[in-house]
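Please open the model in your viewer and keep the sequence panel at hand. We will walk through it stop by stop, selecting as we go.

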Amino acid sequence: MFTMSTNSAQHNAGPSSLVSSRRLSQTLLLLACTIAGGNYFPSLAMAQGVSVEQILKYRPVQPGVEYDIPASDEIAKCTVKVEKSQKGSGWAVLGPAGQPLRRFVDTDGDNVVDQWRYFQHGLEVYRDIDTNANNEVDQSRWLNAGGSRWGVDQNEDGKIDRWLRISAEEASREAVMAMATNNIAGLTATLIDAQDIKALGIESRLASQILEGVQDPATKVRELTSRSKVLTKGASWIRFDSSMLMPSVIPREDGKATRDMLVYENVMAIMQIGTETGFVQVGEMVQVGDVWKLTSIPQPIEPGQTDIAFATLLMNPATQGAGPEVGGQLSEETRLLIGQLEELDKRAPGPTAPKEEAIRYHTMRSSYLAKLATAAGTDATDRDMWQRQRVDGISAAVQMNLYPNGLAELQQIEEEYRQKYPNSELLPYTLFQRKGAEYSLQAQTADAESRAKLQTAWIAHLEEFVRDYPKAENAADALLQLGVSQEFAGNADAAKKTYERLVSDFPQAPTAVRGQGSLRRLNLPGGPLPLTGKLMGGGTADARQYRGKVLVVVYWATWCEPFTKELPQLIELYSTYRREGFEVLGVNVDTEGAPVQQYLQQYKMPWPNIAEEGGLESRPAQEFGIITMPTMFLVGQDGRVLSTALSIEDLKKQLGELLKK
């Protein structure tokens, strides 16, 4: 008979739910021989003593896998099918509708099961693998909607020790969840190591700085999580966020690395703790082959805390702390200042430090950078480099209320450059950073009336900036922000002109892609909607296939509270009017790893949904410059777009009349 194993080292999580891999292999051998003899019949599984219930007791080795588990009243409708390939054999457990639920496979013909595969909505989402034929899982893969991870469990203890493939989003989740559960091995697997440093060709001094930051993770995790209200066992990772819309390429250069590097700067993990939302500063991430690694140990941002570490290593100019050559031979004064700055950064305030300590740190850091800029003398390259770091640090600290005199200091730098170096690119750069920090700071406390005035003033500033500095490096960002602000202000015609200028003047800028999409969206009314995309669960959708129906296309995400609040009303309209020719097509813009399936199950969204990789940077979102959630398009029965800025209230008013046409 097919018996239960009491060995907790076997494939599953606990003794009461374990199936013996060796007994499974023996049964598989009998099944394979029966198939080879041509004696397959529907009750074969029962004849061999293998039941659906026993096979379904298997569980993935790794936690958190989402896969189909039939309800107790559906198990009797499931079947076991024996399968044979050229090299091996296996079982497939099929659900009531014939959809695959499990496949346990011998892939190399040695009559030992070496792969355990789990399915969701008919697609394989997870696979446990035994690569060394010892009946223990040593690799795990997430597939299709399950993600892209591929991990190695070298000591076969159920924990991933090394990644063969993992995305930046998944790496951020693995790191913070490992800290929350005190899984030091899991955290270590996401951190950059000496082998990664060698593979990237990072120079020795910078390598030492990076490796120092990831040393002794056990002690650091204990210190960070002992009183943390964010990194707790009950916390869950919601999504990945970064100050950069997309990763940046750092070209190989002397003093930094011998190879190009793909880097995300200032990554943040958004966490769910009960009904509250929390944040973890993941920091800088770099791609090593198919694996994304962290260059520092994540820092939880505790409730009420406002200080965040802004320092990065890979994204800093190679000259910072690079050794004996920084723009030529260093003076003794510069060498001393760099050493002092490095020591200050080593003592940067942690996440639980008092606000006063963080203010003091940012003030001192700005002072050192100002002295380094002065020490550069007539070397414009080094002078601007140090001042740019100073401007970036002050601007970020101001927006976090951690630099009381920051705006005045930025204005002082701006005026100095206006008087002494009016042709320097740092002049418009500083102006733009100062105005942005000022706007952000004021918006935090503005009421509705003040916010309207503030928005008007911000639009005026952006218009002035792109007029005075049309070729500045910030001009493309300014044009995109101007177009978005004009849209929010209800001035679509002005926004179109702004987006047209962005696309024309800066065709290679990353912001031009979003500008082109926004322009396409604003020009949609009166024409067809050329929206296509991959559907969740398989297949494709084309908005033009809905001709003859009234169609609403809604861009949504699990983290968008306004969408969640309006969703019951949209579902009610769909249920009421679908028979009369009303359809809804969703476009999900969550990043990889978001709890999309849980959300769909909780809110029972009844219409099909497009979902492609990239979140707000995905093709369906970029093609139409989607900037806010939710965004709803309304398409008439003739297939022409009626609105690209539809509200739920507008839909309630218009739907009945539209369906009568």
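How many bridges pair β7 with strand β8 (residues 139-142), and in which sense do the two run? Select both strands and look across them: four bridges link β7 and β8, and the pairing is antiparallel. Add the side chains of Y126 and W142, and you will find Y126 standing opposite W142 in β8. Bear in mind throughout that this is a predicted model.

**The whole chain**

Before going further, zoom out. The protein chain holds 21 helices and 23 strands. Of its 661 residues, 51% are buried. Among contacts with a separation of 6 or more, 58% are between residues 24 or more positions apart. If you switch on a surface, about 31,100 Å² of the protein chain is exposed, and carbon and sulfur atoms supply 50% of that area.

**First stop: the eight-stranded sheet**

Now select β3 through β10. These eight strands make an open sheet, in the order β3-β4-β5-β6-β7-β8-β9-β10, with antiparallel pairing. Colour β3 (79-84) and β10 (162-165) separately: these are the edge strands, and each pairs on one side only. Looking along the sheet, you can follow a twist that averages 20° from one strand to the next.

Stay in this sheet and select 123-129, which is strand β7. Is most of this strand buried or exposed? Six of the seven residues of β7 are buried, so the strand is largely enclosed by the rest of the structure.

Next, add 115-120 for strand β6. Six bridges pair β6 with β7 in the antiparallel sense. One facing pair to display is F119 and E124, with E124 on the β7 side. Then move to the turn: β6 and β7 form a hairpin with two residues between them. Click on H121 in that turn, where phi is positive at about 55°.

To finish here, go to the β10 edge. Select 150-152, strand β9, together with β10; three bridges join these two antiparallel strands. Label V152 and look for its bridge partner in β10, which is R162.

**Second stop: helix α9**

Select residues 332-346 to bring up helix α9. Try a distance between its end C-alpha atoms: they are 21 Å apart, which agrees with the 21 Å that 15 residues should span at 1.5 Å a residue.

Which residues of α9 are buried? Show T334, L337, I338, L341, E342 and L344 as sticks; these are the buried ones. They cover an arc of only 160° around the axis, which puts them on the same side of α9. Rotate to the face turned away from that buried side, and you meet the exposed residues E332, L336 and K346.

What lies over the buried residues? Their cover includes α7 (204-213), α10 (355-375) and α11 (380-399), so to speak the next three selections to make.

**Third stop: two buried residues**

Select S228, placed in the loop between α8 (217-225) and β11 (236-242). Despite the loop setting, S228 is buried, with a relative accessible area of 9%. Setting aside neighbours within four places in sequence, S228 is in contact with P300 and E302. Add I301 as well: S228 and I301 are 73 residues apart in sequence, with 8.6 Å between their C-alpha atoms.

Then jump to Q486, which sits in helix α15 (residues 475-488). Q486 is buried too, at a relative accessible area of 5%. Leaving out neighbours within four places in sequence, the contacts of Q486 are I459, E463, N491, A494, A495 and T498.

**Last stop: the five-stranded sheet**

Finally, select β19 through β23. They form an open sheet of five strands in the order β21-β20-β19-β22-β23, and the pairing is mixed. Its edge strands are β21 (609-611) and β23 (641-643), each of which pairs on one side only. On average, neighbouring strands in this sheet are turned by 25° against each other, direction ignored.

For a closer view, pick strand β22 (residues 631-635) along with β23. The two run antiparallel and are joined by two bridges. Label L634 and S643 to end the tour: L634 stands opposite S643 in β23.

Note on methods:
Residues numbered from 1 in each chain as written. Predicted model: local features only at pLDDT ≥ 70, side-chain atom pairs only at ≥ 80, totals over all residues. Heavy atoms only, no water. Pairing = 2+ DSSP bridges. Axes fitted to C-alpha atoms, helices over the stretch in contact; angles between N-to-C directions. Buried < 20%, exposed > 50% of the residue type's maximum accessible area, 1.4 Å probe, protein only. Expected span 1.5 Å × (residues − 1). Arc of directions from axis to C-beta. Contact = heavy atoms within 4.5 Å. Areas by Shrake-Rupley, 256 points an atom, 1.4 Å probe, with all protein chains shown as cover.
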